[in-house]
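Student: I have a new structure to look at, and I'm not sure how to start reading it. Could you walk me through a few features?

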Amino acid sequence: MSNVLSNEKRGMRELGAEKKVGWNEVTHGVVLHSFEDDAADIALRKAEDRKYSEFSSYTATVASWRVIKPVYNRDICIDCQNCWVWCPDSSIISRDKQILGIDYDHCKGCGVCVEVCPTNPKSLLMFGEALSSDDAIAQWPVKEKKEK
Amino acid sequence: MAEKIDLQEIEVWDGNYAAAQAMRQAQIDVVAAYPITPSTPIVEGYANFMADGYIDGEFVMVESEHAAMSGCVGAAAAGGRVATATSSQGFALMVEVLYQASGMRLPIVLNVANRALAAPLNVRGDHSDMYLGRDSGWVQIDAFNAQEVYDMNLCAFRVGEHHDIRLPVMVHQDGFVTSHTAQNVRPLSDDDAYKFIGEYKPMDELLDFSRPVTHGAQTEEDWHFEHKARQHKALMDARPVIESVFAEFEKVSGRKYKRVESYMIEDAEVIIVALGSTVESARLAAQQLRDEEGIKAGVVGPRVIRPFPFDAIRDALENCKAIGAMDRSCPGGALGMLFNEVSAAVYTTAKRPLVTNYIYGLGGRDLAIVDIKAIFRELKANADAGKITTQIQQFIGLRGPKLAFFETREGK
């Protein structure tokens, strides 16, 4: 499971860094195939086991304009999967109903995951892009007490 | 399984019904339509065939022509054989999606019963809608009568669906004059027609779940130019494909078609270039002038408007002396499209025949044989003088003071 968070095919290039070919080599009608092989069983294969094509955004990093990022705190998370359900970019990585972390190649930093996180304190919080995840977790807030 | 129809050797059909019959024989998967005069009976007739059990397919009634062509784009991308019909304002509303269809390389067949564009609102025939589509990247075929509407529909599927072409195809006919005039039509049997068109072989269809595919991706300055160039190349390459489809059609029908139709041009001094039913009127006028006045008159009608037959039209015109290019669309502050494109073609010949422009027939205004004869006589005067003797663009059949623009600088 170690290659799930940072596998070698995901986000391997900047968007627009694909090989530029001439007019005689481009596909007709801007037709772009998502996979390099037969994908009839694709729903049963996990992302890291799929052969995404060069023109699938899976193989590109499309997160270069993100300025704030969600950081995931495993110690608080209850694996409810709310963030996985709501993320508009499929950037919450979960396996066997256990959250593993964030796909930073595709996360745009919208913060929906933080909004929908039900724990106290939240298991996902937004931090500046430059801050390391370890430093972020070191400043994690404590549980808020209910006011009587 | 759809029922077949036993057709007579000669049927009496108008252009609209001929189109509906050809669409029925093509065994189309999806027709998405929003009827508009004068093309309404095409999709109405098709819907009748479906209600009566003669069609296996989907007929989608939508809320506008924009939606009609959008439905066609979706169905074609999904992998179906697709067609529809429209006219005028409906065509104008489709324009945005016409460019989507050609850019996405989807072989949709669109029947257009040509009609004027508002304002003023007008339901009669002229070529404003045809001209509006001329940069849309579609193959545009023009039928001059009901028989040709039928024949060109069968050919349109073959051309557009050819895997080297994969482009949408319009089949034009004159609103009312062709679309609503019953004429003798010799159809193929259902089996022969389908055998000629053949089973549809989709490419990169969305419904192939083993090869998921994106259609209509966005491209910016880094890719757009290459894709448009490839699309243009495919359209230019459609010329020999159209010729081979016409040759095969001749084998099954006995009827011979060319990208540029020519009548009596071998010895012609003066030639009228026109589109639609005007070609047939001009043929009659030319024959009468030959018989009555000895004027060596000929007629050229581009069967295929896009890809523009720059090569074939030059072959047809280069040996005459004077050409009248007839445009049935208000040129909007320029010379007419046929004038401009015909002039460009013959400008690259050694003899450079004289070309003048006639704007006629707007909003369904009739063009009589005597009007065409008068044009031929003017062309004859140009040929004899060796220069243009009239103004270069003239409006004909118009009430009020003579409306004409530009004079030649030859001989000054």
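Tutor: Happily; we will go from chain A as a whole to its domains, and then to a residue of chain B. Keep in mind that this is a predicted model.

Student: Which pattern does chain A follow along the sequence?

Tutor: Start by listing the helices and strands in order. Chain A has three helices and seven strands, and they run β-β-β-β-α-β-β-α-β-α.

Student: What box do the C-alpha atoms of chain A fill?

Tutor: Along the principal axes, roughly 70 × 35 × 25 Å. Of the 148 residues in this chain, 20% count as buried. Among contacts in chain A with a separation of 6 or more, 62% join residues 24 or more positions apart.

Student: How is chain A divided into domains?

Tutor: Domain 1 of chain A covers 1-62 and domain 2 covers 63-140. Their C-alpha centres lie 24 Å apart. Where the two touch, eight residues of domain 1 of chain A are in contact with eight of domain 2. On the domain 1 side, four of the residues are nonpolar, two polar and two charged.

Student: Now a single residue: is Glu3(B) buried or exposed?

Tutor: Count the neighbouring C-beta atoms. Glu3(B) is exposed because just 11 others lie within 10 Å, and a residue counts as exposed at 12 or fewer.

Student: Where does Glu3(B) lie, and which residues is Glu3(B) in contact with, leaving aside neighbours within four places in sequence?

Tutor: Glu3(B) lies in the segment before strand 1 (11-13) of chain B. Its contacts, with those neighbours left aside, are Gly53(B) and Tyr54(B). As for Ile295(B), 292 residues away along the chain, its C-alpha atom is separated from that of Glu3(B) by 53 Å.

Key:
Residues numbered from 1 in each chain as written. Chains lettered and ligands numbered in written order. Predicted model: local features only at pLDDT ≥ 70, side-chain atom pairs only at ≥ 80, totals over all residues. Domains from an automatic or database assignment. Contact = placed C-beta atoms within 7 Å. Nonpolar A, V, L, I, M, F, W, Y, C, P; charged D, E, K, R; others polar. Helix = DSSP H or I, 4+ residues; strand = E, 2+ residues; numbered from the N terminus.
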